[in-house]
Amino acid sequence: MPVFPVLTLWLDEGTERSELNGVPVEPVPGEGYRQAAIAAVVREVQRLCLDAVRVRVLSPTDEAWDMVVTATGDAHDATVTDPAADQPQRWPRRRWLLLGASTLGVLALGGLGTAVALSVTGESAPEQWVVPGADQQIPVALPEAFSGRSAWSVPVAENSDVTALDAGHILSADPDGTLTARDPETGQPVWRGTSAPKDLTAAVHTDWAGTPSLVAQAGNELRVWDLRTPEDGSTVPAATIPVDQGWRVEVRGARPLVAKEHWIVGIPTPGNGLTDVVIPAGSRALTVTGDNQIITATEDSLHTVNADGTVAGRVPLTAPTGSSGAPVASWMLDADHALLGWKTKDSSTPMAIIQIQDGATLATAEVPQPPDQRQQQPIVDAEGRTAAFDTLSLTWGEGAVLRPLHSFETSTLDGTTAYGMAGRTAPASLDLSSLTSAPLPWETFTDEDPAPDLVEADAAYIVAETLENTVLYRSEPADALTSGRADDTKEK
């Protein structure tokens, strides 16, 4: 351990702010201020090309303690105490809180991909995480690129599904119904919440009035979970907001909204509440910005509406030919893109991908079987800029495409590749960036084999029934697994 440098970390518990060597540390979405502080230290350790560094932690209450933080995110208490000193007993406890919460945050949000020792209860000894269910046979056939042996596997709730948060974590429901976010590399839980919804694909990592949150509609209620792990590592309770019949919930975009009746829109407030804003009559609410402004659409304009109901700005919008009035359907794809649908006099349904910032139309199409706003929410890969419904797929990156889907049911998206069932009988992949591509099936074990529930750039995930349990498996690329075993052999 080098004697120098010694970094200075300022932590203000009252304002939840931190500074590293005098520079303010800004948490990313999903981070608490302690987690952000330790992540900043880790970045500095890596920049200095060190294995670890000493850190002096200061607070506004004149408390001070020492830590050692490693390049992989482990934080260790290095304070030398004087037994004769008359100091408050809460100091050691506060150090434990910092170490436990921050180390967990680095694992969860820093993308280090390393199993580290954690202590989130304060007094207990750290425990080393053991990757569960590795090298298990996956009972269904996956696309050729992926291994038939699991990198890890865990029991999940019956009839469960799986999704990925934009921070990279894998979200599933435990057998007892606990909502669990896991490190994708190790399967280690990094966050837990109560009352998992049945449809996890509807859960979105978002900003709820400044709080990093997970939000999902479940029947006649909207559930909100604080994504900041409590200092004691406990399970986060779900806050619930009633949703009346006829209300429309939009959880994508910069912030969620609830479109009520009579041109009233509920927008997030601190404490998991909603405040009502009156929008211009005849317009359709699309999303809420990070500044608590509502974006609405009319026949020819996108309006920016302040929280007091005044219109702050307007950009022109060109509706598809033949359409009339404001859009009758809308789905946010990310914070700056929306899919809108209109009615026409001949009952056709023109749809368009709109860029919210400037009202630009990226693609339009007549859709023979448009999605039902009340029954369908899209599967979205925001990073890959793709989305899919039962009867429609779209891309909004370079060369935006709106493509009707015929006899293809999408299970998951990885960039512009969809994985699902072709003709409801054969698992297959489909290139969504082309209007003429055809499904590409792969060889299966049985006729009942499904498509993967989730495919990411470096892994596929499948939920399958076994004799005793429902199990979530992670499969990595077959060549990566072979290469890893070869490297292990060389080391031995």
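Is Arg56 buried, partly exposed or exposed? At a relative accessibility of 33%, Arg56 counts as partly exposed, where buried stands for under 20% relative accessible area, exposed for over 50%, and partly exposed for values in between (1.4 Å probe, protein chains only).

The structure is a predicted model, in which local features need a pLDDT of at least 70 and side-chain atom pairs count only at pLDDT 80 or more, whereas totals for chains, interfaces and linings use all residues. Residues are numbered from 1 along each chain as its sequence is written, and side-chain values use heavy atoms, with hydrogens and water left out.

The protein contains 3 helices and 38 strands; helices (H or I, at least four residues) and strands (E, at least two) are DSSP runs numbered from the N terminus. Of its 492 residues, 49% count as buried. The exposed surface amounts to about 23,200 Å², of which carbon and sulfur atoms supply 49%; accessible areas were computed by the Shrake-Rupley method with a 1.4 Å probe, and for residues only the protein chains shown count as cover. Among contacts (heavy atoms within 4.5 Å) between residues at least 6 apart in sequence, 45% join residues at least 24 apart.

One open sheet is formed by 4 strands in the order β24-β25-β26-β27, with antiparallel pairing. Its edge strands are β24 (323–334) and β27 (361–366), each of which pairs on one side only. From one strand to the next, the twist averages 20°, with axes taken as lines fitted to C-alpha atoms (for helices over the stretch in contact) and angles running from 0 to 180 degrees between N-to-C directions. Strands of a sheet pair through backbone hydrogen bonds, either parallel or antiparallel. Two strands are treated as paired if DSSP finds at least two bridges between them. Strands β24 and β25 (residues 337–344) are joined in the antiparallel sense over 7 bridges. Asp334 stands opposite His337 in β25.

Salt bridges (a side-chain nitrogen of Lys or Arg within 4 Å of a carboxyl oxygen of Asp or Glu) number 14 in the structure. In one of them, the side chains of Arg228 and Glu16 meet at 3.8 Å, N to O. Arg228 lies in the loop between β14 (221–226) and β15 (239–242), and Glu16 in the loop between β1 (6–12) and β2 (17–20), so the pair ties together parts that are 212 residues apart in sequence. Arg228 is partly exposed at 29% relative accessibility, and Glu16 is partly exposed at 45%. The side chain of Arg228 also meets that of Asp226 in a salt bridge of 2.8 Å, N to O. Asp226 is partly exposed as well, with a relative accessible area of 22%. Salt bridges that share partners join Glu185, Asp458, Arg474 and Glu476 into one network.

Arg56, introduced above, forms a salt bridge with Asp66, the closest N and O atoms being 2.8 Å apart. Because Arg56 lies in strand β4 (residues 52–58) and Asp66 in strand β5 (residues 64–70), the pair ties together parts that are 10 residues apart in sequence. Asp66 is partly exposed, at 23% relative accessibility.

A pair of aromatic rings is described by the distance of the centres and the angle of the planes. Rings of Phe, Tyr and Trp (its six-membered ring) pair if their centres lie within 6.5 Å; planes under 30 degrees apart count as stacked, over 60 as edge-to-face and the rest as tilted. The count of aromatic pairs by this rule is 3. Trp152 and Tyr461 form a tilted pair, with 6.1 Å from centre to centre and 55° between the planes. This pair links distant parts of the chain, with Trp152 in strand β7 (residues 152–156) and Tyr461 in strand β37 (residues 459–465), 309 residues apart. Trp152 is buried at 0% relative accessibility, and Tyr461 is buried at 1%. The rings of Trp331 and Phe389 have centres 5.0 Å apart and planes at 65°, so the pair is edge-to-face. Trp331 belongs to strand β24, while Phe389 lies in the loop between β29 (386–388) and β30 (392–395), 58 residues apart. Trp331 is buried at 1% relative accessibility, and Phe389 is buried at 2%.

Thr298 is located in the loop between β21 (294–297) and β22 (301–305). Thr298 counts as buried, at 14% relative accessibility. Apart from its neighbours within four places in sequence, Thr298 is in contact with Gly282, Ser283, His303, Leu317, Ala326 and Pro327.
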